[in-house]
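Grab a coffee and open the viewer: here is a set of short exercises to work through, each with a solution you can follow step by step.

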Amino acid sequence: MADTDAVKEAKKFYEDVPMETPGFFLKGAGSLDWGMKNRLSRIFNPDTGRTVMLAIDHGYFQGPTTGLERIDLNIVPLMPYADAVMLTRGILRTTVPPWLTKPIVMRCSGGPSILKELSNEELAVDIEDAIRMNAAAVTLQVFIGGEFETRSVHNMTRLVDMGMRYGIPTMAVTAVGKDMVRDARYFRLACRICAELGAQFVKTYYIEEGFETVTASCPVPIVMAGGKKISELDALAMAYNAIQAGASGVDMGRNIFQSDAPKAMIQAVRKIVHENMKPVEAYELYETIKNEKKKN
Ligand code: R5P
């Protein structure tokens, strides 16, 4: 029976009881094959179970977004600070030096630009090419509630099937349309569908109310999407709250590369994700690194 009506929010999510993870350190991954686990361990730090991913794939539908005009100059120097980098194959091959051995989370969907209906995506990378580029994971947008919802879900299930064939995990990104409500019920629905249909981890947006129910009801790790640029302190607080509410890391783009001091910002985010540093302390660290850099 559909659960779309105004049901009471009295569901039992047991937010305080972490899901057991027999056989592996990541939620829901215990029964995966060795190659899949190995790739996930390159993205998620096995010591903390968390990741700081740098998202720079925006150009696949937005072109040269602010901060990504020159990836060679502004972004490649940031990559050593990330645990993994989410990008397109075009940027990887043209701009990222192959000796940089950061795990790659390869954007594999595309089609419409910002001028068109964004949910009308197709798979846009062959799994063989992802293997050729040594991708640690593949990723795409899933538009739950969007005009082309079914197409995007089927893109995901096809990518998951191809990834399963070769031991490459799929990260599903829950895309939220302009007119859609961003609340816990929506994100629970979207994340759970992605996990139920096979994604090995999910990227989704933070919400202030009920994010812990989103993470608790999703049987695979969730990484927090950064979203549009906000102040550095607010972005650090958002990352902190998401981690404390059960996220297994972040995948941030604009709030890092559009920051006044991207290198300082990513280092502050790392402290929050891997060391549970409090937002104000992390912000002080950000300021310190930023000011040191100015002096040099
Ligand atoms: C699509 O919406 C993609 O996931 C983005 O291009 C990107 O990863 C978003 O990162 P952020 O919202 O942190 O800038």
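## Exercise 1: I75 and its surroundings

I75 is buried, with a relative accessible area of 0%. Keep in mind that the model you're looking at is a predicted one.

**Task.** Find out where I75 lies and which residues it is in contact with, leaving aside neighbours within four places in sequence.

**Solution.**
- Start with the address: I75 is in the loop that runs between α3 (71-74) and β2 (84-87).
- Next, check the cover. The cut-off for buried is under 20% relative accessible area, and I75 comes in at 0%.
- Now list the partners. Once neighbours within four places in sequence are set aside, I75 touches L54, I56, G67, L68, R70 and F257.
- Finally, get a distance. From I75 to I222 you count 147 residues in sequence, and their C-alpha atoms are 24 Å apart in space.

## Exercise 2: V173 in its strand

**Task.** Work out which strand holds V173, and whether V173 is buried or exposed.

**Solution.**
- Strand β7, residues 170-174, is where V173 sits.
- Its relative accessible area is 4%, so V173 counts as buried.
- For contacts beyond four places in sequence, look for M86, T139, L140, Q141, V142 and K203 around V173.
- Then go to I222 again: V173 and I222 are 49 residues apart in sequence, with 9.8 Å between their C-alpha atoms.

## Exercise 3: Salt bridges

**Task.** How many salt bridges does a search of the whole structure find? Pick out a few and describe the partners.

**Solution.**
- The search of the whole structure turns up 13 salt bridges.
- Take R192 and E196, whose closest N and O atoms are 2.6 Å apart. For a salt bridge, the cut-off is 4 Å. Both residues belong to helix α7 (residues 184-196), where they are four residues apart, or about one turn of the helix. On accessibility, R192 is partly exposed at 37%, while E196 is exposed at 53%.
- Move on to E275 and K271, another salt bridge, with 3.3 Å between the closest N and O atoms. They sit four residues apart in helix α11 (residues 262-275), so about one helical turn separates them. K271 is partly exposed, with a relative accessible area of 26%.
- Now try K229 and E232, with closest N and O atoms 3.5 Å apart. K229 is partly exposed at 29% relative accessibility, but E232 is buried at 11%.
- Last, look for a network: salt bridges link R89, R93, E128, D129 and R132.

## Exercise 4: Positive phi values

**Task.** What is the phi of Y14, and what is the phi of N134? Say where each residue lies.

**Solution.**
- A reminder before you start: most residues other than glycine have a negative phi.
- Y14 is not a glycine, yet its phi is positive, near 45 degrees. You'll find Y14 in the segment before α1 (34-43). With a relative accessible area of 53%, Y14 is exposed.
- N134 isn't a glycine either, and its phi is positive at about 60 degrees. Its place is the loop between α5 (127-132) and β6 (137-142). N134 counts as partly exposed, at 49% relative accessibility. The cut-off for exposed is over 50%.

## Exercise 5: The whole chain

**Task.** Zoom out. How many helices and strands does the chain have, and how compact is it for its length?

**Solution.**
- Count the secondary structure: 12 helices and 10 strands.
- Compare the radius of gyration with the globule rule. The chain's value is 18 Å and the rule gives 19 Å for 296 residues, which is close, so the chain is as compact as a globular protein of that length.
- Box it in: along the principal axes, the C-alpha atoms fill roughly 65 × 40 × 40 Å.
- Check burial. Of the 296 residues in the chain, 53% are buried.
- Look at contact range. Taking contacts between residues at least 6 apart in sequence, 66% join residues at least 24 apart.
- Turn to the surface: the chain exposes about 14,200 Å², and carbon and sulfur atoms supply 51% of that.
- Finish with charge. The chain has 35 positive and 36 negative charges, and the mean positions of the two sets are 4 Å apart.

Technical notes:
Residues numbered from 1 in each chain as written. Predicted model: local features only at pLDDT ≥ 70, side-chain atom pairs only at ≥ 80, totals over all residues. Heavy atoms only, no water. Salt bridge = Lys/Arg side-chain N within 4 Å of Asp/Glu carboxyl O. Helix = DSSP H or I, 4+ residues; strand = E, 2+ residues; numbered from the N terminus. Buried < 20%, exposed > 50% of the residue type's maximum accessible area, 1.4 Å probe, protein only. Rg over C-alpha atoms; globule rule 2.2 N^0.38 Å. Contact = heavy atoms within 4.5 Å. Areas by Shrake-Rupley, 256 points an atom, 1.4 Å probe, with all protein chains shown as cover. Lys, Arg positive; Asp, Glu negative; His and termini not counted. Charge placed at Lys NZ, Arg CZ, Asp CG, Glu CD.
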